Amino acid sequence: MLPLNCIKMNSFNCKLLCLILLILKYRYICAADPTDGFTLVPLTEENFKLQKPYNEPLDDRYSDKDGVRSFWIYNHDKPFKPDSTTRPRSEVRISGHDYSSGIWQFEGYAFVPSGTSGVTIVQIHGAAEGATSLQLRMYDGDIKYYKYNVVATNLYDKWFRVNIIHNVDKGKIIVFIDGVKKFVVKDQGPGDLYFKCGVYAAPENSSNYMESRWKEIKLYKK
C-alpha cells in the first residue's frame, strides 16, 4: 500500500496533468484557423475585374503596387456606367468563380484610413431578393453589417484580416476579423453569388473621400 503522502502527491500530479491537457486543448481550439478544411482556389489577375466611375481613368481611382491594391472614390463621383443609378465605387469583383451552392470563403487583409466612413469595403453580391447577401461597411472606424449590427470596432489605420464563409446550402454567413468569429447571419437566399472588395459608397452618410487597401486576397471552397 502506498503511503498517504504518495497518494496525495499522485492525486496532485493527476490534477496537474489534467489541467495541462485542458490548457493544451483550449489552445488548440483557439488556434483553429477559419481556412482549416478548405481548399485554396487558384486566382490569376484575370479573376480580378475592376469597376470604377465610368468617366475617370482607372489610375485615378485604383492602384496596385507592391502587392497592395488601393481603391478610392469621392462622394460626388459618377457610377460605374452611365445608365446606372448606383452609388460611386472603386471595387474588384472576383470573377470566374460565381457560385450558387456549396461552402465558399473570401480572405483578405484590409486597411482603412481614418476619415473614411459610410462605405462598403467587402460584400457578397447576389441574393434571391435585393442585390447583395452581405455588405460590411465602415462607419467611423467600426465595421457594421450594412448599417445595423456592429461586427468589429476600432479598425482605422491598421491592417486587419477579413474572412467571410458563406455556406449556401445552410443559408449561413460567418464573418471573422483577425481570425476571431465576430458575426453570424442568415443569408438573403440563393442567387448568382460572388465576392467584391474595395470601396462602394453607402446610400447615405458617406464621407467625401473613401479609401480602402487590400492585400493577399484569396478564395477558398469546400
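This passage describes the overall make-up of a predicted model, one of its pockets and several of its residues.

The protein chain contains one helix and 15 strands. Of its 222 residues, 47% are classed as buried. Among contacts with a separation of 6 or more, 68% join residues that lie 24 or more positions apart. The accessible surface of the protein chain amounts to about 11,900 Å², and carbon and sulfur atoms contribute 55% of this surface.

The second largest pocket encloses about 150 Å³ of space. Its lining consists of 15 residues, of which Gln123, Ala131, Thr132, Gln135 and Tyr200 are the closest to the centre of the pocket. Three strands each supply at least two residues of this lining, namely strand E7 (119-125), strand E8 (132-139) and strand E14 (194-201). When the lining of the second largest pocket is sorted by class, six residues are nonpolar, five are polar and four are charged.

Gln135, one of the residues closest to the pocket centre, belongs to strand E8. Gln135 counts as buried because its relative accessible area is 7%, below the cut-off of 20%. The side chain of Gln135 takes part in a polar contact with the side chain of Thr120, at 3.2 Å. A polar contact also links the side chains of Gln135 and Arg137, at 3.0 Å. With residues up to four places away in sequence left out of the count, Gln135 touches Thr120, Val122, Gln123, Lys144, Tyr145, Tyr146 and Tyr200. Among these neighbours, Gln123 and Tyr200 are also listed with Gln135 as closest to the centre of the second largest pocket.

Ser206 is located in the loop between E14 and strand E15 (209-221). Although it is placed in a loop, Ser206 has a relative accessibility of 15% and therefore counts as buried. A polar atom of the Ser206 side chain lies 2.7 Å from the backbone oxygen of Gly118. The backbone oxygen of Ala202 lies 3.3 Å from a polar atom of the Ser206 side chain. Apart from neighbours within four places in sequence, Ser206 is in contact with Asn75, Arg87, Ser117, Gly118 and Ala201. Gly118 thus appears both in this list of contacts and as the residue whose backbone oxygen lies 2.7 Å from the Ser206 side chain.

Two aspartates in loops were examined for their backbone angles. Asp66 lies in the loop between strand E3 (62-65) and E4, and its phi is near 55°, a positive value in a residue other than glycine. Asp66 counts as exposed because its relative accessibility is 73%, over the cut-off of 50%. Asp178 is situated in the loop between strand E12 (172-177) and strand E13 (180-186). Phi of Asp178 is likewise positive, near 55°, in a residue other than glycine. With a relative accessibility of 47%, Asp178 counts as partly exposed, because this value falls between the cut-offs of 20% and 50%.

A further loop residue is Lys81, placed between strand E4 (68-74) and strand E5 (89-94). Lys81 is partly exposed, with a relative accessible area of 38%. The C-alpha atom of Lys81 is separated by 9.0 Å from that of Gln51, although the two residues are 30 residues apart along the chain.

Conventions
Residues numbered from 1 in each chain as written. Predicted model: local features only at pLDDT ≥ 70, side-chain atom pairs only at ≥ 80, totals over all residues. Heavy atoms only, no water. 1 Å grid on protein atoms, 1.4 Å probe; cavity = no way out; pocket = protein on both sides within 12 Å on 5 of 7 lines; lining within 4 Å. Points joined across faces, edges and corners; volume = space filled by probe spheres on them. Helix = DSSP H or I, 4+ residues; strand = E, 2+ residues; numbered from the N terminus. Nonpolar A, V, L, I, M, F, W, Y, C, P; charged D, E, K, R; others polar. Buried < 20%, exposed > 50% of the residue type's maximum accessible area, 1.4 Å probe, protein only. Contact = heavy atoms within 4.5 Å. Areas by Shrake-Rupley, 256 points an atom, 1.4 Å probe, with all protein chains shown as cover. Polar contact = N/O pair within 3.5 Å; in protein donor to acceptor, adjacent residues only side chain to side chain.
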